[in-house]
Amino acid sequence: AVRTVRLQLTSGDDQGWAFIWDYNGRAEQVYYDTMVARWNYNTNLTLENSRKQDEANFIEAHFDRQAAQIASSFDWQNFNNATLKRLFRKITLLGTAVNHIEQAREAREYNNLLTEMRLIYSTGKVCEYHNPTSCLVLKPDLSDCLADSRDYDRLRFCWEGLRDAVGRQLKDKYPRFVELSNDAVRQGVPYWEDTGAYWRSWYETADFQEQLENLYNQLTPLYNNLHAYVRKKLRATYGQDKISATGPIPAHLLGNMWSQSWANIYKLVEPYPGKTSINVTAKMLSDGWTVDRMFRTSGDFLKAMGLIEMPQNFWDNSMFVKPADREVVCHASAWDFYNAHDVRIMMCSNVSMENLITIHHEMGHIEYYLQYKHHPVPFRRGANPGFHEAVGDLLALSVATPTHLQGIGLLDTVEDDNESDINFLMSMALDKIAFLPFGYLMDQWRWAVFNGSITPATYNQEWWKLRTRYQGIVPPVPRNHDKDFDPGCKYHIAANNPYIRYFVSSVLQFQFHQALCQTSGHTGPLHKCDISAGTQAHRAAAGQKLARMLQMGASQPWPDAMEVITGQRTMSAQPIVEYFQPLITWLETQNVGETLGWDESWTPTYDCEAADGFTCADGSGCVRPGDRCDGV
Ligand SMILES: C[C@H](N[C@H](C(=O)O)[C@@H]1CCCN1C(=O)[C@@H](N)CC(=O)O)C(=O)N1CCC[C@H]1C(=O)O
Ligand SMILES: [Zn+2]
């Protein structure tokens, strides 16, 4: 037969695709090796593992730089295929992978600082003043202290101790880290004016900051009503001398080390004691729930929705509980090994409702990894980072409903009345509404640090300006702005993980919930919706709609992904306001006569001796236990 030789007109696109497939195979291998090295270090914080991790990071950064240089040599802006162009754009847009090999010294210094800060965060210890051999670590000791203690001074000890042990140690490392990070992103082609600009570029939204501010302004009334009510209840608990009726709330009284979720003080603010409450930790403990059962329960929900179930390697290789024999990073995390197969969770779990919610959060990440694993590596991301944070929380909105909790054996009876509804919404608000200002302010502070408007000299006081302005909280003890670096005692600052994604997720998860509730045939108030409660056909339809969005990964701009679920292309605060409307109405009646908002000038009383401090002979005021008298 006459062989017809088709002249293969190697248009730019064909050459582009050839590069992509070659790149993708290499990227999977390089990223897998890096993830294994990072996993081995995070689950066993030894110097040896730290060195191997640094080596892998360096190899990956070199691979990314090389790929960017080769990709840039194509005339990719003139490719015909939009997907191919999008892939090339993502490969050429380098971030903090330092671009020029001669900057290797800076790359090593950058990695070393990051490793040091993360190690300090993960191993920080607070020893009892009166028994220095008895020391507490963040997980579980100090977290449990903030969650369970109701002693004003014990809470202050735990709150202050972490900041002395971790924040203060990071203070002198952070400025150099910021400088190196900015140096790196300023060398890209195109370059970024600073690291914050690079991080915001992932949202591909020109007026991103304005949209965020607009959303935040719409949600302020919800927060102010919750804040006023909780402040009143805390005054009743701790006394009117400890908390002002019109001032900010002392930060250590809200049940959480960072005051970012107030769910642990539910019992102090419960609207209708004795009516149904979803504070099911006691029931979990009395029924002998195990950590494994919590993970299986979360997995069962994915299965019920027709989503991809956890592969065997997930159950074999994850770390669900804190090992007894070594130091690990206990902050919960989800891991994609980029080989389209290995996925894991690392978590120091204990049996509690709070941990069950976190498990759903992490499983949501894993589900996304599994749904988009067929894409080339550059598309194996969330449509934007907020999408990735929203998946698990979205599913937890259904799991946390009283009827669903009853269905999984965590509630014996469910009362369908207004008081129980308000109790439920209060529980949800202590998590979701309380979080909003914190989720918003974290990167307001960090973007200002990256663009230089907040300097090392003002790090701490600017941090507290934002914390008081947005969260309406104040430190329980005076801060020493020369020594304290309170932002550093939050994981995402020490480990350099961006944070605005969690604020975006707070909005998106309710938009997705509202849309999937409709698809699942739910009728009635939004807060009573469980997307797994409909008929099999309805449940499948909701699951498939979510899966279709997840399968897109980052292959299309995020409005296209949002449209698949909600039919809309913009973020909207309407669903979260609709969800909490019954509670807002109830709070407004409770808050008649209360001051909404807070007088920023108020500061808590501080009894030096009661706070284990001491006054120096030279009368230089109270010295905190972590300090010494000047000149001694
Ligand atoms: C507990 C949770 N841990 C993060 C998360 O799961 O997002 C971890 C650490 C930082 C990134 N990360 C990952 O796992 C990523 N690999 C996921 C991904 O991007 O694929 C966390 O930090 N949360 C949850 C609510 C608010 C916030 C907090 O606790 O303040
Ligand atoms: Zn997350």
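**Cysteines and a helix pair, checked against the cut-offs**

Me: What makes Cys 348 count as buried in this predicted model?
Reply: Cys 348 has a relative accessible area of 6%, and buried means under 20%, so Cys 348 is buried.

Me: And Cys 330, why is that one called buried?
Reply: Cys 330 comes out at 10% relative accessibility. The cut-off is under 20%, so Cys 330 counts as buried.

Me: How do you know that Cys 330 and Cys 348 form a disulfide?
Reply: Their S to S distance is 2.0 Å, and a disulfide needs cysteine sulfur atoms within 2.5 Å, so the pair fits.

Me: Why is the disulfide of Cys 330 and Cys 348 called left-handed?
Reply: The torsion about its S-S bond is about -85°, so the disulfide is left-handed.

Me: What about Cys 489, how do you know that it is in no disulfide?
Reply: The nearest cysteine sulfur, that of Cys 158, is 13 Å away, while a disulfide needs sulfurs within 2.5 Å. Cys 489 is buried too, with a relative accessible area of 0%.

Me: On to the helices. Why is helix 12 called oblique to helix 14?
Reply: The axes of helix 12 (residues 291-304) and helix 14 (residues 353-371) cross at roughly 50°. Roughly parallel would be under 35 degrees and roughly perpendicular 65 to 115, so helix 12 is oblique to helix 14.

Me: Which residues of helix 12 meet helix 14?
Reply: Met 294, Phe 295, Ser 298, Gly 299 and Leu 302 do, and their partners in helix 14 include Ile 359 and Met 363. The contact residues divide into six nonpolar, four polar and one charged.

Definitions and conventions. Residues numbered from 1 in each chain as written. Chains lettered and ligands numbered in written order. Predicted model: local features only at pLDDT ≥ 70, side-chain atom pairs only at ≥ 80, totals over all residues. Heavy atoms only, no water. Axes fitted to C-alpha atoms, helices over the stretch in contact; angles between N-to-C directions. Helix = DSSP H or I, 4+ residues; strand = E, 2+ residues; numbered from the N terminus. Parallel < 35°, antiparallel > 145°, perpendicular 65-115°, else oblique. Contact = heavy atoms within 4.5 Å. Nonpolar A, V, L, I, M, F, W, Y, C, P; charged D, E, K, R; others polar. Buried < 20%, exposed > 50% of the residue type's maximum accessible area, 1.4 Å probe, protein only.
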